[in-house]
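Work through the following exercises with the model open beside you, and try each task before reading its solution.

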Amino acid sequence: MSSNPPLIVERPREGIVVLRLNRPDQLNAMNSQLIEALHVELDLLSRDTSCRTVVLTGSGRGFCAGLDLGGYGTIPGTEELGPVQTTLATQNHIASLVQKIRRLPQVFIAAVNGAAAGGGLALVCACDIRLATESAIFAVSFIRVGFSGCDIGVSWLLPRIVGAGRAHELMLTGRRFGSDEALRIGLLADVVEPEKLQERVDATIDSLLEAAPMSLALTKRGMWLSLEIPSFDTAVEMENRQQVLTSATDDQGEAMSAFIERRTAEFRNH
């Protein structure tokens with residue numbers, strides 16, 4: 001068994017956390033140790049008011065190849081459960097990751113450095129901004145190994161990102177598709193050469209940090225909520241309240257002054 005941690009946490013600069021999946025020999029496939037490590041860090045991020053942006057990426061040549069078909073392992077506390085109960089607990093253990101990512105105030109950037117299949121694609125879809133290298137490969141995959149194609153939130157996320165027609169085809173066939181197609185259908189915001197991925201991520205972070213902390217967090221929340229809101233008028237009401245909240249902060253005045261004076265804003269999250 002490898003002594004390397006399944007997840008590497010990096011803090012390259014103030015306000016930024018990098019979560020690097022670290023099972024490179026298995027293309028960062030999901031097992032109980034990796035998923036539990038992600039849960040621990042996401043729970044810490046929920047209380048970290050200094051962190052504004054999270055980068056999710058993989059070690060080695062893969063992003064995440066989905067479920068480790070060699071064995072997921074045991075979730076602590078499930079040893080005495082029956083087989084159905086254990087399977088449900090495992091399902092919840094994995095699927096609740098994307099729910100946490102959606103609910104956290106930080107903007108998540110998926111830096112897709114290689115294969116993202118099954119649960120790996122689910123993690124990509126759950127992120128707010130998705131960037132990839134030219135060599136990245138994607139696949140829904142679940143249906144190819146005998147499960148329903150609808151798993152880990154993908155049946156909700158993918159149609160809203162790329163449209164229902166394309167999502168249906170990808171989920172029903174489970175076929176692999178490359179970064180060029182992923183960019184064309186809107187899954188990705190950009191595709192770059194492998195050696196330029198970090199540069200592209202850094203440029204995106206720079207743009208995000210130009211926004212006031214509360215403005216950034218509420219914009220993330222509002223964009224996702226609008227995908228669930230059933231009417232235009234309800235969305236406008238939500239937007240109105242976000243504008244009132246942000247207008248009452250000190251950071252809004254600082255952002256306005258910095259914009260007019262053409263200088264870098266100094267936010268205090270006040």
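Buried means under 20% relative accessible area, exposed over 50%, and partly exposed in between, with a 1.4 Å probe and protein chains only. This is a predicted model, in which local features need pLDDT of at least 70 and side-chain atom pairs count only at pLDDT 80 or more, while totals for chains, interfaces and linings use all residues. Residues are numbered from 1 along each chain as its sequence is written, and side-chain values use heavy atoms, with hydrogens and water left out.

**Exercise 1.** Decide whether N31 is buried or exposed, and find what its side chain contacts.

*Solution.* Begin with the location: N31 sits in the loop between β2 (16-21) and α1 (32-45), where helices (H or I, at least four residues) and strands (E, at least two) are DSSP runs numbered from the N terminus. Its relative accessible area is 8%, so N31 is buried. Next, look at the side chain of N31, where a polar atom lies 3.0 Å from the backbone nitrogen of L34.

**Exercise 2.** Determine which parts of the chain are tied together by the salt bridge between R13 and D206.

*Solution.* A salt bridge is a side-chain nitrogen of Lys or Arg within 4 Å of a carboxyl oxygen of Asp or Glu, and for R13 and D206 the N to O distance is 2.9 Å. Because R13 lies in the loop between β1 (7-10) and β2 and D206 in helix α7 (residues 197-208), the pair ties together parts that are 193 residues apart in sequence. As for accessibility, R13 is partly exposed at 34%, and D206 is partly exposed at 40%.

**Exercise 3.** Establish where E237 and R241 lie, and classify the accessibility of E237 and of R241.

*Solution.* First, both residues belong to helix α9 (residues 232-247), four residues apart, which is about one turn of the helix. Their side chains meet in a salt bridge with an N to O distance of 2.7 Å. Finally, E237 has 41% relative accessibility and counts as partly exposed, whereas R241, with 51%, is exposed.

**Exercise 4.** Examine the salt bridge of R263 with E254, and state how accessible E254 is.

*Solution.* The closest N and O atoms of R263 and E254 are 2.7 Å apart. R263 is partly exposed at 34% relative accessibility, but E254 is buried, its relative accessible area being 17%. To place this pair in context, the count under the salt-bridge rule comes to 14, and a network of salt bridges links R166, E169, R175 and E181.

Note on methods:
A polar contact is a pair of N or O atoms within 3.5 Å; within protein, one must be able to donate a hydrogen and the other to accept it, and residues adjacent in sequence count only if both atoms are side-chain atoms.
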